[in-house]
Every structure is written in C-alpha cells, then in structure tokens.
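Biologist: I want the reasoning behind each label, not just the label. Can we go through them one at a time?

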Amino acid sequence: MELKNKKWSQEQFFKVREEILNHWPTGKDVNLEDAAEYLKKVPEHKSFPAKLKKAKEEGITLAQPRAGVALVEDHINLLTYLQNEGEADLLPSTIDSYTRQNRYNECEVGLEESRKAGRSMLNGFPAVNHGVEGCRRVFEAVNLPLQARHGTPDARLLSEIIHASGWTSNEGGGISYNIPYAKSVSLEKTILDWQYCDRLAGLYEEMGISLNREPFGPLTGTLVPPSVSNAVAIIEGLLAAEQGVRNLTLGYGQCGNLVQDVAAMRALEEQANEYFKMYGYDVYLTTVFHQWMGGFPQDESKAFGVISWGSATAALAGATKVIVKTPHEAVGIPTKEANAAGIKATKQTLNLLRGQRLPMSKELEEEIKLIKAETKCILDKVFEVGNGDLAVGAVKAFELGILDIPFAPSKYNAGKILPARDNNGAVRILEFGNIPFTKEIKDFHRSLLEARAKVENREVGFQMVVDDIYAVGKGFLVGRPN
Ligand SMILES: CC[C@H]1O[C@@H](n2cnc3c(N)ncnc32)[C@H](O)[C@@H]1O
C-alpha cells in the first residue's frame, strides 16, 4: 500500500486486518462487534478519555506509573497494588520487549520460565500472548482506566487485542515508536502500520466509543530539544487525526530547566491546537509530561529529588498527566513497593502545587515564542519536502535530516544534531545538522552556549554534551567541568 496521509477506507483497513489477526493464535478471538459491545460497557471512571477530560476541566495533573510483569495474576496484583497503595490515577500495562518486536514465540518461553521461576522472566506484560481473555481479566480486576505502554514498531495485533479488552488508550506512533526503539525498520512501514492502529481507534470512534491515543513524546529521552520533540508530537497527532482519532494526548520529556519545560508544554498544546484547527480536525487534546527520562542517580533519596522535580514541573506547566519514575530507575524494573513510592512522592508534590502555575514572565514568553518558531521551521519544511503530504514529508524529512533525533539507534535517523545545555540548564543545539532553523535562531543557540563556555572557562564542544549526559545521574543538571 502506498504511503499517504489519507484516511484509510474500510476496505483497505479490513483487508489488512484479515492478515494481522493471523499473526498469533490469540488474534482469532478478536471480534469487532463483541469488542464494541464490551467497550460500550466501560464505565466513565475506567475510561481514559473521560478521566483525562475531567482532569483537564478541573485543572489537575494525574499521576500514571509504568508497570508490567509476565503472568496475568502477578500483573493484576501489581496493578492493584499501584492503584490501592500507590494511589495511581491511571494505570499502564507496560508491554515486554519480545512483544514489541512481534517475537511472540519468545514470550511463550518467557511465560513458561516465569511459571517455573515464580517471578517475571519478561520485562513487561505480553498482552498478545495473553489475548483478549487475559487482558480482559486484567481490566476487570482494576478500578482505573487502563493503557498499553510499549515501544512497538508494528503494534497492529497488540492494538486490536488491548482495545477489545477495554483498554481505552494506546501509546505510540509511527515515528516515536520507530526512531528511538528500532535500528532498521523503515519509516514508511511504521507510519503505515500506525495508520492502521489509528484507523482502528477511528473505527471505534465512529461506533460511538471514544479511545485515547498518546504519541510517545520523549523519543530518546536524552537532551531532545523541545522543538524537535514537539514537531514529532504534532506530526503524529495530525496523522492520527486523519485516521479518525478524536482524543489525543501529546507529550514531552522533561529536560530540567523549569522555564524551558513549562514553555515546551505550553507551546506544544497551543501549536498543536493551531494545526488541528488549520486542518479541520475536531480533536480533544490533553498533555502528558514525562519525568526525567535520562540517566538517574543510583541513590534512592536522590532519585526522589529528580521525581519530585519532574512532578513540580508537570504541575506548574498544567500538564493533564505526568508519567512517574521510580527510585529503582537507575537499576532496572522496579519492585511494586518502589513503584508505589514513586507515585506517592509524585502525588504529594502535585497536591502541594495544586492550582499553581508558573506565572507568565518575559523569559517564559520568549522561550514559548522561540520553541514555536523552531517547531514551525521544521514543520514547514516537512510539508514542503512532502509536497503537502505529511506522511511522505515525514519520511523524506528523516532522509534529509530535517527531522533528526539526538542519540537515536535507527539507521534512518541522520544523527547529526548535537544538543548541550546552556548556563541555566536549558537544552540548546551545538550542531544543527540539517535542522532547518533560521540563521538568527542558530546564532541565538550558539550565543547561549558561548556564554556557558565563558563561565566554565572552556571551549564550546562535544565535552559539554558528554558532561550533560552524565550530570543528572551525578546529582546536577548542567555537566560542569571537573
Ligand atoms: C520508557 C522507559 C521507562 O520505562 C520503564 N519501564 C520499562 N519497563 C518497565 C516495567 N516492566 N515496569 C516499570 N517500568 C518499566 C523504565 O524504567 C524507564 O523508566
């Protein structure tokens, strides 16, 4: 099928659907009419769109952890603990790495090993192998909305199964679940495959069932400049809207400087809404702020400092939702206790800051303007190289380095862009590659990096990037020279 940013016909969709439901035996248990009936019975308090809308109207920030283990019963115990002890507002099921690569055979092995070992031998919940039956058991056991969180380039079967199971939100996108997650999967394929996932959500919308879609905002989560991640978020939002998605959460990964992070969230929401309006999409938009996605301190007390700073920033930015980290972030998959502790620390901070927003200031206003201007430079070029087609333009933009994500593993990513922090810790750009910013914007970034270099009595250069990558793990924001 030729890639273009056009809503799939039902014929196109059902033709592909026949094939993907055969990718694993559990696919045969997915029945659209049965799924629609099941979804129509989802109560408000277990619907992602409903709960997000309520939070946005009340001006509060919801807390959502990541969590996933191999066996259904253990996963139910984990989610129930995070709901009752952790006081989570929304629940995930973080899907395991084999499922993300469609390696369902390995999931079977991991499930068997988990039963034998009495603990999870997978790094997440293998939803495809558990199928609708297992995923519905999870959904019926909890009392909060449930979302699939993963990193799956081809999530077509996974999306069919989780939505048929009452899970009213799905994370991911054709760019955001490819470039940071895969090495050699073509963008044409993943953008097409995610058009399928969005068209599925659109189909349910047409049946009167609202489902939430959440592109993965942070991307590599390593010093990603706000305008770069905002551009990708808006592109994925527009691609989803074209397939009939009506309820979107666009996201951003914390960089660490308060004014820049609040500006990024404000710019994202305002600019995304401008584009939805410009292209005539009726989208209900909410936002998600991811607590620091880079290297974490090993020390758990210091980790709580990072978690609380991310929570405070999310609240002051007025994010609809914040994704929670845990004090085990530096070591691996958290215990349920550590996961719950991360949520409770987050909610304590959110509650202390309830109703507060970072006041407008000259600094904040300028940062919002800068991020919007940069994002517009990128999006204008994406449309141009795609001759007006956003899907084609996105693929071309990566080929030309117009879209370029720092430290991404994908061979389709140019990898020429190099970020570094300025003296206040805001993420700026040291090497632009082919990112199409104006000379004025490039000079502005350079001047800020020169100012830092002067303070640190060193040259602007790659060592700053290296120092910044390790800084937070060492307890600082800016990687100062020794
Ligand atoms: C996007 C990466 C984030 O997802 C987290 N993560 C990945 N798998 C799991 C998991 N199974 N349980 C809890 N957190 C998880 C990981 O710690 C990191 O913060």
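Modeller: Start with strand β3: L146 and A148 on one side, and Q147 and R149 on the other, are all buried, so both faces are covered. This is a predicted model, where local features need pLDDT of at least 70 and side-chain atom pairs count only at pLDDT 80 or more, while totals for chains, interfaces and linings use all residues. Residues are numbered from 1 along each chain as its sequence is written, and side-chain values use heavy atoms, with hydrogens and water left out.

Biologist: Why is L223 called buried?

Modeller: Buried means under 20% relative accessible area, exposed over 50%, and partly exposed in between, with a 1.4 Å probe and protein chains only. L223 has 3% relative accessibility, so it counts as buried.

Biologist: And what makes E87 buried, exposed or partly exposed?

Modeller: E87 comes out at 42% relative accessibility, so it counts as partly exposed.

Biologist: What is notable about phi at E87 and at L223?

Modeller: Most residues other than glycine have a negative phi. E87 is not a glycine, yet its phi is positive, about 60 degrees. L223 is not a glycine either, and its phi is about 55 degrees. E87 sits in the loop between α4 (72-84) and β2. L223 sits in the loop between β5 (212-214) and α10 (226-242). Helices (H or I, at least four residues) and strands (E, at least two) are DSSP runs, numbered from the N terminus.

Biologist: How do you know which strands pair in the sheet?

Modeller: Two strands pair if DSSP finds at least two bridges between them. Four bridges join β2 to β3. Two bridges join β3 (residues 146-149) to β4 (residues 169-171). Both links therefore meet the rule. S93 stands opposite A148 in β3. In β4, A148 has N170 as its bridge partner, and Q147 has S169.

Biologist: What is the strand order?

Modeller: Eight strands form an open sheet, β1-β8-β7-β6-β5-β4-β3-β2, with parallel pairing. The twist averages 25 degrees from one strand to the next.

Biologist: Why do β1 and β2 count as edges?

Modeller: β1 (62-64) and β2 (91-94) each have a single partner strand, so one side of each is left without a neighbour in the sheet.

Biologist: What makes a set of residues a nonpolar core?

Modeller: The members must be buried Ala, Val, Leu, Ile, Met, Phe, Trp, Tyr or Cys, joined through side-chain atoms within 4.5 Å. The largest such core has 134 residues. Among those with the most contacts inside it are W167, I175 and F276. Helix α11 (residues 258-278) gives the largest share, eleven residues. Apart from this core lies another, of eight residues, including A420 and V460.

Biologist: Which residues does N339 touch?

Modeller: Contact means heavy atoms within 4.5 Å. Not counting residues up to four places away in sequence, N339 touches P65, R66, A67, L82, T326 and P334. N339 lies in helix α13 (residues 336-352). Its relative accessibility is 2%, so N339 counts as buried.

Biologist: How do α1 and α9 pack?

Modeller: Helix α1 (residues 10-20) and helix α9 (residues 187-206) pack at about 115 degrees, with axes 11 Å apart. Axes are lines fitted to C-alpha atoms, for helices over the stretch in contact, and angles run from 0 to 180 degrees between N-to-C directions. F13 and F14 of α1 and L200 and L203 of α9 are among the residues that make the contact.
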